[in-house]
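Here are my notes on this one, point by point. Have the structure open while you read.

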Amino acid sequence: MSVKINVKNLDFYYGDFKALNDINIEIEEKKVTAFIGPSGCGKSTFIRTMNRMNDLIDGTKHTGEIIYDGQDIYSPKVDVVELRKKVGMVFQKPNPFPKSIYENVVFGPKRHGIKKKSELDKIVETSLKDAALWEEVKDRLDSSAWSLSGGQQQRLCIARALAMKPDVLLMDEPTSALDPVATSKIEELIEELKDKYTIVIVTHSMQQAGRISDNTAFFLMGNLVEYGETSRIFSSPEDKRTEDYITGRFG
Ligand SMILES: Nc1ncnc2c1ncn2[C@@H]1O[C@H](COP(=O)(O)OP(=O)(O)OP(=O)(O)O)[C@@H](O)[C@H]1O
C-alpha cells in the first residue's frame, strides 16, 4: 500500500478545548477513506486540518504532524495556497460562486495565472467531464451556476476542485444536502474519481461509507477509535464502541 497522507500524534485545539486527541492514521493513495462517528466527534475538524482550513479560525492550535509529499503541511516552508491546490475540498452545502458555470470552473486556474482562452476551455471541458456534469451543461456554460439543481451544483463544485488538478480531494458530507438520486450520482462519481485521486470523505451515513469507501475510520469524542478496511470494520469491528455505533446501539 502507498501512503498519501501520514498523520502522527495530532492534537487539535479550539482555544482551550481539545477537539482531536492523538490522532494517528495513514491515508492510502487512490483509495476512498471514510470518516464516521457521532455528531461533534471531530470528523470535520480533522478533515479541515488536512488542507489547513482551520487556520482561518482564530485561536486554534495543534501539535503533531501531517506528512504530505514528504513534509509536514504545517512546516513554515509550505505554501498554503499551493497546499490547497493539491489538497482540494468540497463542502457540505454546494457553494458555487454567483457566476456562470464556466467562470466557476476557471476561477482557480485564472487566479493561478492561466489566461489563454483555449487552455481555459480545455480545463472546463475536462473538469466537467471528470465531474460527470459535462453532458448536462455543455450547451449552457454561460448560464448562472445558481440555475443548476443542488446535485448539479455539487458536481460543479467538484469540477471546480478538479480544475486545480488536485492530488487529494477532501469531501465534508458532500451529499447531506442532496436527494437520493443526486446522492447516488455523487457516489458513482466518487467511485470513478478514485482511479485518479485520493479521496477522504466525512459522512453521517454508514450505508454510504459501506458503499463507497475502501477504508473507514471511526471517531468518538476527538479520538480515532478504530481504522481499517471498510469491509472488516463493518463485519468484525475490534472495538466494542465501533460495534455499538455501526449496529445502531450507540448512546
Ligand atoms: N470553530 C469552532 N470553535 C470552537 N469549537 C468548535 C469549532 N468547530 C467545532 N468545534 C467543536 O469541536 C468539536 C468537534 O466538532 P466537529 O464539527 O469537528 O465534529 P463533527 O464530528 O464533524 O460533527 P458533525 O457530524 O455534527 O458535523 C465539537 O465539540 C465542536 O463543538
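1. First, the naming: helices (H or I, at least four residues) and strands (E, at least two) are DSSP runs, numbered from the N terminus. This is a predicted model, where local features need pLDDT of at least 70, side-chain atom pairs count only at pLDDT 80 or more, and totals for chains, interfaces and linings use all residues. Residues are numbered from 1 along each chain as its sequence is written.

2. On to the ligand. Strand E2 (17-28) and helix H1 (43-49) each put at least two residues into the shell around the ligand, and H1 gives the most, with three residues. The surrounding residues are Tyr 14, Phe 17, Ala 19, Gly 37, Ser 39, Gly 40, Cys 41, Gly 42, Lys 43, Ser 44, Thr 45 and Ile 57 (C-beta atom, placed from the backbone, within 6 Å of the ligand). By class, the shell has five nonpolar, six polar and one charged residues. Here Ala, Val, Leu, Ile, Met, Phe, Trp, Tyr, Cys and Pro count as nonpolar, Asp, Glu, Lys and Arg as charged, and the others, Gly among them, as polar.

3. Next, a helix pair. The axes of H3 (residues 101-111) and H6 (residues 150-162) come within 7 Å and cross at roughly 35°; axes are lines fitted to C-alpha atoms over the stretch in contact, with angles from 0 to 180 degrees between N-to-C directions. From H3, Ile 101, Asn 104, Val 105, Phe 107 and Gly 108 meet Leu 156, Ala 159 and Arg 160 of H6 (contact: C-beta atoms, placed from the backbone, within 7 Å). This contact of H3 with H6 is made of five nonpolar, two polar and one charged residues.

4. Two loop residues have a positive phi without being glycine: Asp 69, near 55°, and Lys 165, near 50°. Asp 69 sits between strand E4 (60-68) and E5, while Lys 165 is in the loop between H6 and strand E7 (168-172). Asp 69 counts as partly exposed because 13 other C-beta atoms lie within 10 Å; Lys 165 is also partly exposed, with 17. The scale: buried is 20 or more other C-beta atoms within 10 Å, exposed 12 or fewer, partly exposed in between, with C-beta atoms placed from the backbone.

5. Is Lys 77 buried or exposed? Lys 77 is exposed, as it has 6 other C-beta atoms within 10 Å. Look for Lys 77 in the loop between strand E5 (71-72) and helix H2 (80-86). The C-alpha atoms of Lys 77 and Arg 48 are 20 Å apart, with these positions 29 residues apart along the chain.

Terms used: Two residues are in contact if their C-beta atoms, placed from the backbone, lie within 7 Å.
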